[in-house]
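User: I am new to this structure and should be grateful for a close look at a single part of it.

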Amino acid sequence: MTIKIHRLILPTLLIFQMCFIFIMSSFGHNSSDAQSNLFVDFIAQNFPHVRHGLENNLISLSTLIFLVRKTAHFTEYAILGSLFFINLRNTPKDLIKHPLVISILFSFLYACTDELHQIFVPGRSAQFRDVLIDTLGASFGCLLIHTLLILFIKLKSKSNSNKPA
């Protein structure tokens, strides 16, 4: 029963993440600015060092907005990459031999299509830098899940070997 649930839920989560990225890319410049500004305001109000930096021109508002936006790109694609990896590592080994590499490649290709999509959204543009940030985020997500799975397997085998026979 659990395997059937995983085969249904994991691809569904992947599709939802892809839809989420597509929808977020469909918002125009004004909506995107408003979303970024929510996080910028939160950061400026709750982190005194950032507020001090803004007040004393140590960091510009445009730099903070840039960092928030690129962190959002990185995070969206870290989730996407990890979902690709989890889904692909559950496929038969003779079908997909290197799920980590394929997951990063699929994420890169999706990032390319996402930037292409943004060309047609008023106030948005395609930037290869965003593709690179997205791919870096996906790589991070894949490697994080890969590392956690290795640690989990090692811990599980260690706890099984410590049990009395």
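Which residues does Ser 82 touch, not counting residues up to four places away in sequence?

Analyst: This is a predicted model, in which local features need pLDDT of at least 70 and side-chain atom pairs count only at pLDDT 80 or more, while totals for chains, interfaces and linings use all residues. Residues are numbered from 1 along each chain as its sequence is written, and side-chain values use heavy atoms, with hydrogens and water left out.

Leaving aside residues up to four places away in sequence, Ser 82 touches Gly 141, Cys 142 and Ile 145; contact means heavy atoms within 4.5 Å. Ser 82 belongs to helix α4, where helices are DSSP runs (H or I, at least four residues) numbered from the N terminus. With a relative accessible area of 12%, Ser 82 is buried (buried means under 20% relative accessible area, exposed over 50%, partly exposed in between, with a 1.4 Å probe and protein chains only).

Helix α4 also takes part in aromatic pairs. The whole structure holds 3 such pairs; rings of Phe, Tyr and Trp (its six-membered ring) pair if their centres lie within 6.5 Å, and planes under 30 degrees apart count as stacked, over 60 as edge-to-face and the rest as tilted. One of them joins Phe 74 and Phe 140, whose ring centres are 5.6 Å apart and whose planes stand at 40 degrees, so the pair is tilted. Because Phe 74 lies in helix α4 (residues 61-89) and Phe 140 in helix α6 (residues 128-161), this pair ties together parts that are 66 residues apart in sequence. Phe 74 is partly exposed at 25%, and Phe 140 is partly exposed at 44% relative accessibility.

Terms used:
Helices (H or I, at least four residues) and strands (E, at least two) are DSSP runs, numbered from the N terminus.
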